[in-house]
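Here is a short report on one molecular structure. Keep the 3D view open as you read.

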Amino acid sequence: MDPLVRPIGGREELEQCFDLWGSVFGEGRRFFQSRLDLDRTYSPATTWVAVADGEIVSAAQLFPFEAQWGGVALRVAGIGSVATRPTHRGRGLALAILNAQRRWMEEAGSARKGFALALLFAAPRAEPLYARAGFHRLPFGTAVAWEPVGWGHPPYRVRPVAEGDWPALRAIYASQLSHLPMGHIRPPAFWADAIRWTDAGEPGGVRLVAESGGEVAGYLFYRWGEDGRARVLEVVAHPGHPRAAEALAQEVYRRAGAGRALPLTLPVGHGLARGRPAEPGPDRAMWSVVNPAALVRAIHPVLQRRWVEERGPLEVAAVPGGMHLRWPSGERTLAGQNLLAAMMTGLEGDPLLQGLFPFAPPYLWSLDHF
Ligand SMILES: CC(C)(COP(=O)(O)OP(=O)(O)OC[C@H]1O[C@@H](n2cnc3c(N)ncnc32)[C@H](O)[C@@H]1OP(=O)(O)O)[C@@H](O)C(=O)NCCC(=O)NCCS
């Protein structure tokens, strides 16, 4: 019998998904349950399953979020928790779910479904599967074994996050976001909920702030990995205090036991990577254009603003997988990987279109979990 692919029908099916994820992934059932139970925006329509012989045998979760690109908001579907029972692997079930989610996202109409892009983080073995589902890998990320350089001690006091710090942390994140060509827009509910689900699902996490003159200048979250090394989850400094990130990293380095370099994967050009040997990072982000009409709708004002008027009017139309640009003396189609690369890393060296898609090194905070 052909498997049935659909969103879950209710709590009982969600419990079966928790069982499945708990048995397939090392994080354990509680990690997955806390995330969905504590996210007040969670809707059952975002948990997809394949059902065979009345049993849930494969599941994938869709985490909706917004990213900013050139100052406008794009609706993005974060795809995660993709799992098939070992007994049912290799039969196309995970692919069938990804394809069904894509069709659902392509539906025009309600704003809730108007997803422009999808993003996932692929385990190496699953990359071919995601490529078949229309996802592309883009060059990104810098791996650094971080150790303090020299003996300079940045003038910050590092201490644990206190209850009253959260508005300052949100403000620091927002001020960095406005400097990034692309980044995750976090609504207030995200902060409140994410703090609860990371506490519940990833116990043992540590949150630090760096302060200067009584003001919070940066923050860093980490937890201890099973290998005894500190795993930095997120580090953000106020744009006016770039050295705050260094002070925070120094503190984690000290706590880890000096001599034990911190493994960090950072966006290209990140201040903490400067002056240190870096390798291409193990970043596993893969992106896909899921709804060209929604994408064109969102970024059209940015393209119009960036267009050089002397070239005459620019027309932008959605086409399968991307967009078609047309102006009096030329035209160009950008789709799939080409379009994603243009948006995320820019079209430097392309005299006509580099103004529309400027060079853009860090596209989405690597240490920023959706
Ligand atoms: C990855 C996974 C969800 C694939 O599910 P599936 O229903 O077997 O997927 P499909 O039948 O649609 O596609 C099979 C493809 O999955 C990929 N794959 C990844 N890990 C695999 C595994 N352990 N066994 C079989 N296929 C795997 C392969 O690319 C395979 O393609 P191939 O058959 O050409 O080699 C499943 O193997 C699984 O649950 N793995 C453990 C959890 C995991 O790694 N999830 C992905 C996190 S990013």
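The report covers the ligand site, then a sheet and the helices beside it.

## The model

This is a predicted model. Residue numbers start from 1 along each chain.

## Around the ligand

Start at the ligand. There are 18 residues around it. Thr84, Arg89, Leu93, Ala94 and Leu95 come nearest. Three elements each give two or more residues to this shell: strand 4 (72-84), helix 3 (93-106) and helix 4 (127-132).

What classes of residue make up the shell around the ligand? The shell has 11 nonpolar residues. Four polar and three charged residues complete the set.

## An open sheet

Now find the sheet of three strands. The sheet is open, and its strands follow the order 16-17-18. The pairing is antiparallel. Which strands are at the edges? They are strand 16 (315-319) and strand 18 (330-335), and each pairs on one side only. On average, neighbouring strands of the sheet are turned by 20 degrees against each other, with direction ignored.

Look next at strand 17 (residues 322-327). Strand 17 pairs with strand 18 over six bridges, in the antiparallel sense. Within this part of the sheet, Leu325 stands opposite Arg332 in strand 18.

## Helices on the sheet

Two helices are worth finding here. Helix 8 (residues 292-306) lies across strand 16 and strand 17. Helix 8 runs at about 160 degrees to strand 16.

Helix 9 (residues 336-345) also packs on the sheet. Helix 9 touches strand 17 and strand 18. The direction of helix 9 makes about 95 degrees with that of strand 18.

How values were computed: This is a predicted model: local features need pLDDT of at least 70, side-chain atom pairs count only at pLDDT 80 or more; totals for chains, interfaces and linings use all residues. A residue is near a molecule or strand if its C-beta atom, placed from the backbone, lies within 6 Å of it. Helices (H or I, at least four residues) and strands (E, at least two) are DSSP runs, numbered from the N terminus. Ala, Val, Leu, Ile, Met, Phe, Trp, Tyr, Cys and Pro count as nonpolar, Asp, Glu, Lys and Arg as charged, and the others, Gly among them, as polar. Two strands pair if DSSP finds at least two bridges between them. Axes are lines fitted to C-alpha atoms, for helices over the stretch in contact, and angles run from 0 to 180 degrees between N-to-C directions. Two residues are in contact if their C-beta atoms, placed from the backbone, lie within 7 Å.
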